[in-house]
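The exercises below ask you to read strands, peptide geometry and a ligand site from a model, and each task is followed by a worked solution. Please try each task on the structure before you read on.

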Amino acid sequence: MLDQINQLITEISGFNATTPEEVEQFRIRHLSKKGTIAALFENFKNVPNEQKKEIGKALNGLKTAALNKVNELKEQLCSTETDKTGIDLTMPGDPVNLGSRHPLSIVKNEILNIFSRLGFTISEGPEIEDDWHVFSALNFPEEHPARDMQDTFFIERHPDILLRTHTSSVQVRDMESHTPPIRLVTPGRVFRNEAISARAHCIFHQIEALYIDENVSFADLKQTLTYFAKELFGADTQIRLRPSYFPFTEPSAEMDVSCSLCHGKGCNVCKGTGWLEILGCGMVDPNVLELNGIDKNKYTGFALGMGIERITMLKYGIKDIRLFFDNDIRFLEQFTTAI
Ligand code: DAH
């Protein structure tokens, strides 16, 4: 039996193949259930006990040699295949990197989702606007210093055409095209003639909300703001309203939220105050309702507006607004979301 084994080992080690079919035939001849090696294992039970150790070892060696030969030939034929076509069909494909959402889109979607849960629907307007929609219909009087609140990019040859400085212009378009009840959120890009720095940019994004109906009160505004702040920054968030001025709202306020980093104790993000300024808001000025053809004796409303960059910077601890516009993949790939 030992002779038989040695003979097969020599035969196997000398074997060569040029096609996969030959390898398969070789495998069937030696390694299948009815092959030479299985037959030897079958005979093994007749081997006298004192020879079992030696023959068993040789038999295992034979089986390993046959398996190795099959693998070796398969590999060899595979790479000859590569040589012919110049393509290695066994190579894994290039991984496709999945993109991630821009942080501004993540926060914008979060804010829009919160308002949609309150029944607000999304509305959008043009970025290139006219004076009426950005200023006049919002109660900014001609030549009034309030217009200087926002450094406007005008089109040189046509002073009536400008890049919108705030999404409040979409309020005007909404009032033109809808009758109350109006409940809309308007996300969009806005433009201001500002020097670019870590804190300011000439392009940024805002979200505006407008609600007009019978009997809308300041209490409705406050409740909406409270819900919004808790949804966006966490259930333990407090809000604070400070009196302010906007030409299109009366009364007007600015809303602060308790600093989500130090929980109101004071840190360098909230500059030790415990509060972060988030948005402007107020009751729609009756003049604005009148200018836009809505009966000011029947309807009241509230409006609010916020900068998406500012909120995103606070939420993620981003210190430089310019990072949003650089499109540096090392910055962008840090933001992942299920939205
Ligand atoms: N439009 C204002 C700005 O860009 C923000 C704002 C304040 C919008 C109060 C509003 C509002 O709707 O009621 O600074």
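**Peptide geometry**

Proline 251 is found in strand S8, where strands (E, at least two residues) and helices (H or I, at least four) are DSSP runs numbered from the N terminus. The model is a predicted one, in which local features need pLDDT of at least 70 and side-chain atom pairs count only at pLDDT 80 or more, while totals for chains, interfaces and linings use all residues. Residues are numbered from 1 along each chain as its sequence is written, and side-chain values use heavy atoms, with hydrogens and water left out.

**Exercise 1.** Determine which peptide bond joins glutamate 250 and proline 251, cis or trans, and then examine proline 181 and lysine 271 in their loops.

*Solution.* Begin with the bond between glutamate 250 and proline 251, which is cis with omega at about -5°. Next, go to the loop between H7 and S5, the place of proline 181; the peptide bond that leads from proline 180 to proline 181 is cis too, with omega near 0°. Finally, turn to the loop between S8 and S9, where lysine 271 lies; although lysine 271 is not a glycine, its phi is positive, at about 50°.

**Exercise 2.** Establish in what order the strands of the seven-stranded sheet are arranged, and what lies across it.

*Solution.* Count two strands as paired if DSSP finds at least two bridges between them. With this rule the seven strands form an open sheet with mixed pairing, in the order S1-S5-S6-S10-S9-S8-S7. Its edges are strand S1 (121-122) and strand S7 (239-246), each of which pairs on one side only. At the S7 edge, seven bridges join S7 to strand S8 (residues 249-258), and the two run antiparallel; in this pairing phenylalanine 246 stands opposite threonine 249 of S8. Helix H5 (residues 103-117) lies across S1, strand S5 (182-191), S6 and S10, and runs at about 5° to S6.

**Exercise 3.** Work out the order of the strands in the open sheet of three, and identify its edges.

*Solution.* The order is S2-S4-S3, with antiparallel pairing, and the edge strands S2 and S3 each pair on one side only. On one side of S4 (residues 158-163), three bridges join it to strand S2 (residues 128-130), and isoleucine 128 has leucine 163 as its bridge partner there. Strand S3 (residues 154-155) pairs with S4 over two bridges, with isoleucine 155 opposite histidine 158. S3 and S4 form a hairpin that has two residues between them.

**Exercise 4.** Describe which residues surround the ligand and which of its oxygen atoms' polar contacts can be listed.

*Solution.* First collect the shell, taking a residue as near if one of its heavy atoms lies within 4 Å of the ligand: 16 residues surround the ligand, and the closest are His166, Ser168, Arg192, Gln206 and Glu208. Then look for polar contacts, that is, pairs of N or O atoms within 3.5 Å. The side chain of glutamate 208 places an N or O atom 2.5 Å from a ligand oxygen atom, a polar side-chain atom of glutamine 171 lies 3.2 Å from a ligand oxygen atom, and a polar backbone atom of leucine 304 is 3.4 Å from a ligand oxygen atom. Last, assign the shell to its elements: helix H7 (168-177), strand S6 (203-213), strand S9 (275-284) and strand S10 (300-307) each supply at least two of its residues.

Technical notes: Polar contact = N/O pair within 3.5 Å; in protein donor to acceptor, adjacent residues only side chain to side chain. Contact = heavy atoms within 4.5 Å. Axes fitted to C-alpha atoms, helices over the stretch in contact; angles between N-to-C directions.
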